[in-house]
Amino acid sequence: MVNISKANSETRQQWRSEITALPSWLKRPIGNASEISSVQQIIKQRQIHTICEEGRCPNRGECYSNKTATFLLMGATCTRACAFCQVDKGHAPMTLDPEEPEKVAEAVEALGLKYAVLTSVARDDLEDGGASWFVKTMEAIWKRSPETGIEVLTPDFWGGKDSQQKQRDRVATVVKAKPACYNHNVETVPRLQGPVRRGAKYDRSLEVLRIVKEIDPEIPTKSGLMLGHGETEEEVIETLQDLRAINCDRVTIGQYMRPSLEHRPVQKYWTPEEFDRLGAIAQEMGFNHVRSGPLVRSSYHAGEAA
């Protein structure tokens, strides 16, 4: 018979050891506690979600103080099961809250946000993958806060019969609403897509960004990479080249940090110097906004390029 108490104790000890072993450059103070608390209160009152909290982003205090936040739309349960992600999955998706767009708009106004990022869990259960929900939320925000810049970070919108055409139609729905930036992350290099991004594919992700530029070349596109899954520098550079080949304008490069022992283990902690080198290479390739560093995340300083 398994001693559950002992097993839990050993797991906690293993997790404490892993956290203690983090390189010094990945340890940083959480930020202004009062700033974080005030944002959390506004979010909790409206029963909405942010990826800042759901994903336990290490930069949330800094972003909140810069009047930027990333809202997680359509619930906190994803229909996919990526091996790196903190967001809940494996359960039935939540029923859409018809008041969510307005609640998010209220939060943006209450927080005085200059720049808001809208992302979502994957909702393969919805007919349009949630594309129209992004638009409804954007419109609700602009009605209350017309000067707020809005960046979208969408799923790949793949799924259902005639998936290729549906992906294009769903991306087009969001593009026509004129976001300040359209972000979709490839997350990792082609070789590691299978074990890291279960349910997603590299070519499908590139296609999202390509479609955006085809429909509206004026909308900046953006993508992001998480290092630490076993990729090589050469593979990272080749991925950056693939992104530039479809005219992707902006890129973020950060370190994968294991959310729990149930998630994919970190294969390597890249050094700040290595991130600096990759950032310089990305700039030389022609990306017009590059953020590369161990604690960089998709929405880190997102409003800067606006």
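Which residue in strand 6 is the bridge partner of Leu118? In this model, which I should say at once is a predicted one, the partner is Val152, and I would like to begin with the strand to which Val152 belongs.

Strand 6 covers residues 149–153, and because five of its five residues are buried, this strand is largely enclosed by the rest of the structure. The covering extends to both faces, with Gly149, Glu151 and Leu153 buried on one side and Ile150 and Val152 buried on the other.

Now to the neighbours of this strand. Strand 5, residues 115–120, pairs with strand 6 in the parallel sense over five bridges, and together with helix 6, residues 131–144, these two strands form a β-α-β unit that is right-handed. Strand 7, residues 181–183, also runs parallel to strand 6 and is joined to it by three bridges, with Cys181 in strand 7 as the bridge partner of Glu151. On the way from strand 6 to strand 7 the chain passes through helix 7, residues 163–175, in a β-α-β crossover that is again right-handed.

Let me turn to the nonpolar interior. In soluble globular proteins, nonpolar side chains tend to be buried together. Here the largest nonpolar core has 36 residues, of which Phe71, Val104, Leu118, Phe134, Val171 and Tyr182 touch the most other members. Among the elements that give two or more residues to this core are strand 5, strand 6 and helix 7, while helix 6 gives the most, with seven residues. If we leave out residues up to four places away in sequence, Val104 touches Ile48, Phe71, Leu73, Leu118, Thr137 and Ile141. There is also a second, separate core of 22 residues, which includes Val196, Leu209, Ile246 and Phe275.

Leu209 is one of the buried residues of helix 9, whose buried residues pack against helix 7, strand 7, helix 8, strand 8 and helix 10. As for the length of helix 9, its 14 residues, 202–215, should span 20 Å at 1.5 Å a residue, and the 21 Å between its end C-alpha atoms agrees with that.

Finally, a word on annotation, where some caution is in order. An unreviewed UniProt entry places the feature "binding site" at Cys52, Cys57, Cys63 and Ser299. Ser299 lies in the segment after strand 10, and because its relative accessibility is 11%, below the 20% cut-off, Ser299 counts as buried. Apart from its neighbours within four places in sequence, Ser299 is in contact with Thr70, Val117 and Lys222.

Definitions and conventions. Residues numbered from 1 in each chain as written. Predicted model: local features only at pLDDT ≥ 70, side-chain atom pairs only at ≥ 80, totals over all residues. Heavy atoms only, no water. Buried < 20%, exposed > 50% of the residue type's maximum accessible area, 1.4 Å probe, protein only. Helix = DSSP H or I, 4+ residues; strand = E, 2+ residues; numbered from the N terminus. Pairing = 2+ DSSP bridges. Right-handed = clockwise from strand over helix to strand, strands pointing away. UniProt positions renumbered as here; feature names shortened; annotations may be inferred. Contact = heavy atoms within 4.5 Å. Expected span 1.5 Å × (residues − 1). Core = buried A, V, L, I, M, F, W, Y, C linked by side-chain atoms within 4.5 Å.
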